[in-house]
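Biologist: I have a model open here and would like to go through it with you. Could you take my questions as they come?

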Amino acid sequence: VTQAVGLGPYQRMFALTSPVIRRWCMLHSYDYLSAVGQFEGSKEWHSCFNKVFLLQYVRTKMLHHYDFFFYLDADAVILNPSFCIQHILSPHQLLAAQVGGDRYKTWQKNDGIALYNLKHPLMPHLSDTWVQRSLYSMGNNSRTADQREWYEILKTYGEEEGWPLRELLPVLPFFASDGSTLHHHLRHQIRMNMFDWSGDSVKERASAIREAISGIQW
């Protein structure tokens, strides 16, 4: 289980969510890894690509230790401590991800809350290609390319690889239940806009995170 955050306003949310995620990991005997700052690159906004390089690092350096890689953004948090990831993916599915935006539009999924099957035969291609395209985008000052390139790579794989992606209901930031109710019975929403990277809404989002985690029953 991994999280990442750049140096800046998002650390305020990371300080709230990271202890919850680490406690949840302890309950399920998951290992936890976080990156603060830029995993690759020299500019603060390069931290948007941390997820790309964390996935590649774990896949290439730790593959013999793990079957799954679960990435969560700094404003993502688990509401239901009993939620576990082992049985979400079948062996033939490449990944599952949270809905970000209109849940009825196939491609509005969020790479900031995603579970990857590290043993899937397409994983090396996804990871390597995502890294190559991300490095190019970082050099061309394209701040949204981690999500866009992810979409474009996945579109080439087809439905048989698990697309459309599964929804991970107990995970914030966009829409979340406690994992025991249907999607339309929602408890919390932290981020209104899946494309908001400005940091302007951090104060409000941090307040929403506090409210959400105050109701967790461990």
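## Talking through the fold

Modeller: Gladly, and please keep in mind that this is a predicted model. As a starting point, buried residues make up 53% of the 218 residues in the protein, and the accessible surface comes to about 10,200 Å², of which 52% belongs to carbon and sulfur atoms.

Biologist: How many helices and strands are there, and in what pattern along the sequence?

Modeller: The protein has five helices and five strands, and reading along the sequence gives the pattern β-α-β-α-β-β-β-α-α-α. Of the contacts between residues at least 6 apart in sequence, 70% join residues at least 24 apart.

Biologist: Let's begin at the start of the chain, then. Which way do β1 and β2 run, parallel or antiparallel?

Modeller: Strand β1, residues 2-5, and strand β2, residues 33-36, run parallel and are joined by four bridges, with Q3 standing opposite S34 in β2. Between these strands the chain passes through helix α1, residues 11-28, and the resulting β-α-β crossover is right-handed.

Biologist: And what joins β1 to β3?

Modeller: Two bridges do, and β1 and β3 run parallel; in β3, the bridge partner of T2 is Y71.

Biologist: Why is β3 described as largely enclosed?

Modeller: Because four of the five residues of β3 are buried, the strand is largely enclosed by the rest of the structure. Strand β3, residues 68-72, also gives the largest share of the lining of the second largest pocket, namely three residues.

Biologist: Oh, a pocket. How much space lies in the second largest one, and which residues are closest to its centre?

Modeller: The second largest pocket holds about 350 Å³ of space. There are 17 residues lining that pocket, and the closest to its centre are V1, Y30, D31, Y66 and F68.

Biologist: Switching to the loop after α1: what stands out about the phi of S29?

Modeller: S29, which lies in the loop between α1 and β2, has a phi near 60°, a positive value in a residue other than glycine. For background, most residues other than glycine have a negative phi.

Biologist: Is S29 buried or exposed?

Modeller: S29 has a relative accessible area of 67%, and the cut-off for exposed is over 50%, so S29 counts as exposed.

Biologist: Now the opposite case, A114. Where is A114 placed, and why does A114 count as buried?

Modeller: A114 sits in strand β5, residues 109-117. Its relative accessibility is 0%, and therefore A114 counts as buried.

Biologist: What is A114 in contact with, leaving aside neighbours within four places in sequence?

Modeller: With those neighbours set aside, A114 is in contact with F69, F70, Y71, A96, A97 and W150. For Y71, the C-alpha to C-alpha distance to A114 is 5.4 Å, although the two residues are 43 apart in sequence. Y71 is also the residue in β3 that bridges to T2.

Biologist: Last one, S127. Which helix holds S127, and is S127 buried or exposed?

Modeller: S127 lies in helix α3, residues 123-139, and counts as buried because its relative accessibility is 1%. Beyond its neighbours within four places in sequence, S127 is in contact with L55, Q56 and R59.

Biologist: And how far is S127 from F53, in sequence and in space?

Modeller: S127 and F53 are 74 residues apart in sequence, while their C-alpha atoms are 8.5 Å apart in space.

Technical notes: Residues numbered from 1 in each chain as written. Predicted model: local features only at pLDDT ≥ 70, side-chain atom pairs only at ≥ 80, totals over all residues. Heavy atoms only, no water. Pairing = 2+ DSSP bridges. Right-handed = clockwise from strand over helix to strand, strands pointing away. Buried < 20%, exposed > 50% of the residue type's maximum accessible area, 1.4 Å probe, protein only. Contact = heavy atoms within 4.5 Å. Areas by Shrake-Rupley, 256 points an atom, 1.4 Å probe, with all protein chains shown as cover. 1 Å grid on protein atoms, 1.4 Å probe; cavity = no way out; pocket = protein on both sides within 12 Å on 5 of 7 lines; lining within 4 Å. Points joined across faces, edges and corners; volume = space filled by probe spheres on them.
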